[in-house]
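User: I've just opened this one and I'd like a close look at a single strand and its surroundings. Please give me the big picture quickly, then settle on that one part and stay with it as long as you can.

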Amino acid sequence: MAEPIFRVDLANDARDFRHVATEPGLGMLDRSGSNYAIMQRWFGNLVAEPEWREKDRVSFFVKTDDDARMDHVEVYSATKEDLEGPLNDQYNSIQARLKKARADSPNEQTLHRVLRKNFSAITSDLENGDHEFFLFKYREGRQPWKLVWAWGFQRSDQEPATAVICSNDECRQLLVKHPKEKAHCPGCATYTAGRRRAANRLMGISDRTWLLGTCVGLLLLLAMCVYMGQPQLIVSPAVWEGHQGSRITYQVTEKSWFIFNKDLTSQMVPEPSNQHVLAFPPLSTTAMAVSPGKTSVSFKLGSRVVQATATVTPPPPPKSLLIEPADLQLAVGSTQEVRVMGQYEDIDPIDFTSQVVWSTDDPSILRSYAGKIEGGAPGETRLNAFLLVDAATEKTIRAEAKVVVVEADYQAITVEMEPATVALGGKGKVKVTGRDAQGKEYDLTNSSYLKLSITPEPAAMIQSAGSSPLLVGRQAGDATLQATLQMPGGSEVQDDFAFKVSSESMIVGLEVQPAELSMVVWEGYALGINTSNFTDPIEITSSNPDVVERYRESYSLAARSPGEAIVTVKQADHSATVKVTVVQGDIASLHMVPENINLRVGGEIDVSVQGQLVKERPEGKPPVLGRRFVVAPDALVWAQQPKAENVRFDRGSLVMTGLQATYEPQQVLALLGEEWSALGYVSVVGGGDSMDLSIFTLHPPLALGGSGLRYLGAGTGYLGDRSIRYGRDGLVVADGLGADSILTRAGLGAGNLITEVDGYSLAGLSQREIDEYFRTHPFVNGTRLKFITGNGDVATTVLGTDRIITRLPIRLVEARSLNVTPTDFIAELQIGVLMAGNYRVIDINDRHPLTDWKPLGPQDQAVFRTDTIPRKQGDEYKVLIERDIDGMVSGYEATFQLQLE
């Protein structure tokens, strides 16, 4: 069996080295060897092969060109002279391959990013750096020296030291030797004591004197040891300063006896005092510098705390932008995270992902949202990112990347969670991977076609964090996480993952972040609230609601006016406070995120409107842009919103749900105050089927008052006391309509959903808002209602008449005029439909058929040639297009102009 060139001790309490992590809790040196397979593909035999032969020690091997492990090789650390001399070509080859490595999957991208950072750190200073612990030269016999990179681990301290390999052939452990210290190997060697008495006699020291001195020395040594042995938390970097967009990887180590180090990073909970400056993704101790400012960061483990400080400065305008990765290929339904890096001539690239506005040339092919993209349909399109660099002139720079989306026949999916056991209140990171018929894998974690569920349901809940799912433990015991991928066309694949919620609690009492918060007027901010108590309600109150108050029943705050307030969060016997300061912000612009809102029928998306602040306006210079903030939903006025038949829009939460496919994007426009507006576009795709009305949640009946005529004007008839119910999408007509009711006479019945009254949308209104509207706008003869029928069609009616016009999912593509005479003409109407059925054209007045019935399938277009139509003055005509599905006939009103040569 081949012997390794050396071994590395990576136990938790190892003296010299520790793991390099690709993600929190995931070491680069995985025991399955999957990362090494990627490394060998990228670098060949320029990287050493790791093998876990022991529990905590990894052995490294070098290999021949025919993939055999080499034995009895001579190995030494590579010096600066080696790397700049005979090994320079191989050293440059590692650097070149690192730049050209193709990282396709999210795992490969993460590995590549960490490798680049790690290699840069160890080779930044060949004169005094740590390259000798990771770059080695080796040879067999008298063959030329070769270079190999030992990877996946790092030093536990950064003090000057040299690399030594233990001379014991049965040990061969890699050691760190500090100046003026012996090369003591903790893996195999022990110290030995000399002959004390013989030495003492030669120096004339009596045994009694020696014994007394020894006791005193031991007491002093014991006191020193007690002091040295006290464990201390050390955070690195303790002080950091850098540009907005940078990432800061923190490490927390427990040091005791000056030589024993224990990495506690994965167990720490980071809390920045100003979350506008630094943001930590869930389950991560790597921070993103999100906006200029200064903050302290507390890393907590139970009652133990260690602090660091960070100062974030505005980044200089980049010379150009680059989207990473450059080669983007997705499958329909698969997702990928992308980054936008600012390029400079004299400094390292800076991450602008959170500061750009995203768009795609074809939103039906590619959906983009805050640095995440998803394949929508097969095809090729372009992903764009725009960065505002000058608020005064509205100057922007753009990055673009080609994206190819392919059709994927997913044969199986795999759902995983890390860790597999979570504590009460603890979180696990969920990952879902899909595999197609060719065995190619795609990331489906954030797919809009994916549904996650828990069995039993009380065991845990799924929490979305920036669109990435987390599982939160709520009840101790064994449980199952189920992932279901349902693609268009009905194909469905599932996978289960068994996990456990332990009885240990990650949270003591109630934890609220942050303790202090600075907001601007109109801002909405979601508090970070953690608790292991999932029974008692959480109360949130403000000492000054005119300044800041709780937004609806959420954990969010809404800033109303400048001032200060104390927000108290209370649950049972526990409480916490947040000091809030609200100022009047200087707003540069407003943005809808995402700008292109892409939905599928039945899918949901959270929309936000974000403001870009100006930090300062230096005289004679462009404004300096500050942070972005999320606008509280109730501060917005929606001048345009999506059509109720296509999208269910909750204006309180800004959640949009796809109901019915759109033919073209619909414009939405949000207004803030009198100066700012945000424009977006909504598209709904999928199947051509409307949603079942069972999705509408019926709430308890409205209190209609003593007369039972609360929404009716005088003389318009009677509504039964349970005939109308409040729903979050409008008014639901239930049972109990009187035969003489104004609604019955107008053609409405049980199951219909009233969405508009005289053009005023009821979707997303609260019961209080609906009551206020009808207090001054009761139902009267002549009121025009828009409603959704029992089969999903959208119809309009006028109260006091029996005229109902149903707006079907039909469009008039083109109208042509034939055989035009002064008295009549024939029309050719090209019609597009979404739903399968029989269609014909009839006269809107006397219901006289103008064409025969014609069967059409979903997404079809067809030309209908009418009978002779009498000409009239004005040359504008209306016809009714009827649709028959299983005997249920509905009509669509279409208007066209007579075209004259």
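Analyst: The protein has eight helices and 75 strands. Both kinds of element are DSSP runs, numbered from the N terminus: H or I over at least four residues for a helix, E over at least two for a strand. This is a predicted model, where local features need pLDDT of at least 70 and side-chain atom pairs count only at pLDDT 80 or more, while totals for chains, interfaces and linings use all residues. Residues are numbered from 1 along each chain as its sequence is written, and side-chain values use heavy atoms, with hydrogens and water left out.

How confident is the model? pLDDT, the predictor's confidence in each residue on a scale from 0 to 100, averages 80 for the protein, and 85% of the residues score at least 70. Two stretches to treat gently are residues 190-207, where pLDDT stays under 50, and residues 687-710, where pLDDT also stays under 50. The model gives residues 190-207 nine contacts beyond four places in sequence, and residues 687-710 have 55 of them; a contact means heavy atoms within 4.5 Å. Where pLDDT is low, the predicted coordinates should not be read in detail.

A bit more background: 48% of the 901 residues count as buried. Buried means under 20% relative accessible area, exposed means over 50%, and partly exposed is in between, using a 1.4 Å probe and protein chains only. Among contacts between residues at least 6 apart in sequence, 57% join residues at least 24 apart.

Now for the part I'd pick, strand β8 (135-139). Is β8 enclosed or open? Five of its five residues are buried, so β8 is largely enclosed by the rest of the structure. In a regular strand the side chains alternate between the two faces of the sheet. Here both faces are covered: L135, K137 and R139 are buried on one side, and F136 and Y138 are buried on the other. Notice that K137 and R139 are on that buried list too.

What sits beside β8? It has a neighbour in β7 (residues 74-77), running antiparallel and joined to it by four bridges; for two strands to count as paired, DSSP has to find at least two bridges between them. To find this pairing on screen, look for Y76, whose bridge partner in β8 is K137. Strand β9 is antiparallel to β8 as well, again with four bridges. There, F136 has V148 in β9 as its bridge partner. β8 and β9 form a hairpin with six residues between the strands, and G141 takes a positive phi near 65 degrees in it.

Going back along the chain, the loop between α4 (106-123) and β8 holds H131. This histidine counts as buried because its relative accessibility is 4%. Leaving aside residues up to four places away in sequence, H131 touches A78, T79, K80 and L83, together with I122, D125 and L126.

β8 also feeds into something wider. Nonpolar side chains tend to be buried together in soluble globular proteins. A nonpolar core here is a set of buried Ala, Val, Leu, Ile, Met, Phe, Trp, Tyr and Cys residues joined through side-chain atoms within 4.5 Å. The largest one has 52 residues, and those touching the most other members are V8, F43, F60, L115, W149 and F153. Along with β8, the elements that give two or more residues to this core are β1 (6-9), α1 (34-43), β6 (57-61), α3 (88-100), α4, β9 (146-149) and β12 (174-177). F43 is a handy landmark: beyond four places in sequence, it touches I94, R97, L98, L115 and W149. A second, separate core has 50 residues, including V340, A401, F497 and F499.

Since you may be wondering about cysteines, how many disulfides are there? The count comes to zero, with a disulfide taken as a pair of cysteine sulfur atoms within 2.5 Å. For C185, the nearest cysteine sulfur belongs to C171 and is 3.6 Å away, and C185 is in no disulfide. C185 counts as buried because its relative accessibility is 2%. C166 also counts as buried, at 7% relative accessibility.
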